[in-house]
Amino acid sequence: MKVSIIMGSLSDSPIADKVVSKLMEFGIDYEVKVISAHRALKSLEKYVKESKDESEVYIGIAGKAAHLSGVIAALTTRPVIGIPAKSSHLGGLEALLSTVEMPSGVPVATVSIGGGENAAILATEILAIKYDSLREKLKDMRIKMKETIDNSEYEYKANKWVEL
Ligand code: RP5
């Protein structure tokens, strides 16, 4: 099982870090590439074609006029998850709209701006359809999340909430 993570620029790497760290928790193999759809279209096409047998899910990370995830989706029928990056004065909203508003027929499953962790979890959920071990890991993660919430107690002290 393998996830391909493609970012439009090295400046998107803080988001890729979040994806990688979550995939590592689930023990999922990954490959990270920096290939801009605008600056290196042919290289992107080559990479997606060459990786098509190994990569089961693609994650695109891009900001500004973010066409990367859409172009990846145009090149493969594997699931594509898009992460809009905040990399302009518009705060990432422009990338969110560019990524989510795909024309009918070529979907990109778009997560929130900078949502690296959720992109990795969604990729894991897609892979868990095929790999039972991942389904168990996802269930464990949800149980731990619930326990953390159930075991947390807070008190309002000196104008702020403190965890007991
Ligand atoms: C996008 O433009 C990249 O994904 C990045 O988020 C943004 C800025 O890229 P750089 O100018 O930092 O390379 O294509």
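In this predicted model, a polar atom in the side chain of Asp-12 is placed 2.6 Å from an oxygen atom of the ligand. Two further residues put an N or O atom beside a ligand oxygen: Gly-63 does so through its backbone, at 3.0 Å, and Ser-87 through its side chain, at 2.9 Å. The table lists these contacts.

| Residue | Part of the residue | Distance to a ligand oxygen atom |
|---|---|---|
| Asp-12 | side chain, polar atom | 2.6 Å |
| Gly-63 | backbone, N or O atom | 3.0 Å |
| Ser-87 | side chain, N or O atom | 2.9 Å |

On its own the ligand has 360 Å² of accessible area, and the protein covers 77% of that area.

Which residues surround the ligand? They are Gly-8, Ser-9, Ser-11, Asp-12, Arg-39, Ala-62, Gly-63, Lys-64 and Ser-87. Sorted by class, this shell holds 5 polar, 3 charged and 1 nonpolar residues.

The ligand takes up the space of the largest pocket. That pocket contains about 280 Å³ of space. Its lining is made up of 16 residues, and those closest to the centre of the pocket are Gly-8, Ser-9, Arg-39, Gly-63 and Lys-64. These five names also appear among the residues around the ligand. By class, the pocket lining has 8 polar, 5 nonpolar and 3 charged residues.

As for the chain as a whole, how many helices and strands are there? The chain has 6 helices and 7 strands. Read from the N terminus, the order of these elements is β-α-β-α-β-α-β-α-β-α-α-β-β. Along the principal axes, the C-alpha atoms of the chain fill a box of roughly 55 × 40 × 30 Å.

Conventions: Residues are numbered from 1 along each chain as its sequence is written. This is a predicted model: local features need pLDDT of at least 70, side-chain atom pairs count only at pLDDT 80 or more; totals for chains, interfaces and linings use all residues. Side-chain values use heavy atoms; hydrogens and water are left out. A residue is near a molecule or strand if one of its heavy atoms lies within 4 Å of it. A polar contact is a pair of N or O atoms within 3.5 Å; within protein, one must be able to donate a hydrogen and the other to accept it, and residues adjacent in sequence count only if both atoms are side-chain atoms. Accessible areas come from the Shrake-Rupley method with a 1.4 Å probe; for residues, only the protein chains shown count as cover. On a 1 Å grid over the protein atoms alone, a cavity is a set of points where a 1.4 Å probe fits but cannot get out, and a pocket is an open set with protein on both sides within 12 Å along at least five of seven lines; lining residues have an atom within 4 Å of a point. A molecule sits in a cavity or pocket if more than half of its atoms lie within 2 Å of its grid points. Ala, Val, Leu, Ile, Met, Phe, Trp, Tyr, Cys and Pro count as nonpolar, Asp, Glu, Lys and Arg as charged, and the others, Gly among them, as polar. Grid points are joined across faces, edges and corners, and a volume is the space filled by probe spheres set on the points. Helices (H or I, at least four residues) and strands (E, at least two) are DSSP runs, numbered from the N terminus.
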